[in-house]
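I opened my notebook to look up two things today: the nonpolar cores and the salt bridges. Here is the structure I worked from.

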Amino acid sequence: MKTDQRIFGAVIVLSIILGGGAGIISSTMTSRAIESYAAQLLNDQKLISLIPRKSPAIPGTFEEAMKKNREASLRSLAVLLPASTPSTAASGWIFPEGALKLGVPVTSDGWILTSSATFSSKLLPKDWDVYVEGKRFVIDRVVRDPHSTLVLLKLQNASGLLTVSFGKPEDVESGSTVIGWGGEEDVRATLLEAADADTRQGPQSAEVFATTWRVGSSLPAGVPVFSSDAELLGFVTSGTDIFPLHHSGEFVQDVLKSGSPKLAKLGVTVLDLSRSYNVSAEVTQGRGEGALVLNAVGLLQALDIILDVDGRAVTHADTLAEILADYEPGEIANIHVLRAGQNVQLAVTLGEL
């Protein structure tokens, strides 16, 4: 099943679009005007950081984009705070510094999407409360994506929550302005420097996503990142790296439909040749892209290079993990490998992760 048919389907049906038409920066604004305007915002509204640069001009103004995102966040951000009993004493209203954690509702009945940077495996649901529009909820379930850093939280007795819509990856490119939230009065606007960060890496499971987006200024880990139209794009993993949401659309869709993820598994450890150093030409067989298989599983042999799956090439921009994410357990994947200089076609039945 193809990406554009599956990744956003369930979420779009369940979502209320939070707005549209808000742009980034008017084409008539000069760099000096933008710098002056950013300084004014910093002074008047106590915003943490604004990039005083001119990005590609699209309809609307920078002010409209910021207003749209601020309004959307006030209505839809989920705030995680340490569980407590309502108190009449001021000491009970104050939480430890750094305790603020964020998520976003993706269904009106209480599924909250966040990341492991916000809700790590060490945290217990009973120790945290979730507030949406000021109303307190208890966490009922936690479901983690084995492919990525995404986490879904199910709230007890939730209904009528205003949901966020997902941005389309094809609408996001290097040079786009993205907006990260750290709370109701804490917003950062920055430029997306690389829509496919060139991250060098070692061997890892074929199903693990490797690509990230890189932004121009550091954002707090776990912060949700939005487009100028208040559409959710991803979550900050650390510093200037963002995990793009479209990687794990299948995870979100499966959990919303059935309560648990159903993810395809190839079962091999691979080395992405486009993101690796110091691999001999004998091993790469002269290839600069593809997934080098490091362990024999089923029909696949060690040192096979996976070139494409059902005709979809494994490249720097379209990794094996992203390709496998479009399959379901039990489906047959026709895998084209380079084996000792020979092209080999393999029909592999995918397992379940």
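Before starting, I wrote down what I would accept as a salt bridge: a side-chain nitrogen of Lys or Arg within 4 Å of a carboxyl oxygen of Asp or Glu. I also noted that this is a predicted model.

**Entry 1: salt bridges**

I searched the whole structure and got six salt bridges. I began with Lys 126 and Asp 127, whose side chains meet at 3.2 Å, N to O. Lys 126 has a relative accessible area of 64%, so I marked Lys 126 as exposed. Asp 127, at 33% relative accessibility, went down as partly exposed.

Next I looked at Asp 304 and Arg 339, where the N to O distance of the salt bridge is 2.8 Å. What does this pair tie together? Asp 304 sits in the loop between β17 (291-293) and β18 (305-309), while Arg 339 belongs to strand β20 (residues 332-339), so the bridge ties together parts that are 35 residues apart in sequence. Is Asp 304 buried or exposed? Its relative accessibility is 1%, so I put Asp 304 down as buried.

Then I came to Asp 318 and Arg 312, which form a salt bridge at 2.7 Å, N to O. Asp 318 is at 18% relative accessibility, and I count residues under 20% as buried, so Asp 318 is buried. Arg 312, at 25%, is partly exposed. I followed this pair a step further and found Arg 312, Asp 318 and Asp 326 linked in a network of salt bridges.

**Entry 2: the cores**

I turned to the largest nonpolar core, which has 29 residues. Which of its members touch the most others? I listed Val 104, Val 106, Leu 113, Leu 152, Phe 166 and Leu 232. I then checked which elements each supply at least two residues of this core: the strands β2 (78-82), β3 (101-105), β4 (111-115), β7 (150-155), β8 (177-183) and β13 (232-238), along with helix α5 (249-258). With four residues, α5 gives the most to this core.

I picked Leu 232 for a closer look and left aside its neighbours within four places in sequence. Its contacts include Val 104, Leu 113 and Phe 166, which I had already listed among the members that touch the most others. Leu 232 is also in contact with Val 164, Ser 165, Gly 167, Pro 224, Val 225, Phe 226 and Leu 245.

Last, I noted a second, separate core of 21 residues; among them are Ala 291, Tyr 327, Val 348 and Leu 350.

Definitions and conventions: Residues are numbered from 1 along each chain as its sequence is written. This is a predicted model: local features need pLDDT of at least 70, side-chain atom pairs count only at pLDDT 80 or more; totals for chains, interfaces and linings use all residues. Side-chain values use heavy atoms; hydrogens and water are left out. A nonpolar core is a set of buried Ala, Val, Leu, Ile, Met, Phe, Trp, Tyr and Cys residues joined through side-chain atoms within 4.5 Å. Buried means under 20% relative accessible area, exposed over 50%, partly exposed in between (1.4 Å probe, protein chains only). Contact means heavy atoms within 4.5 Å.
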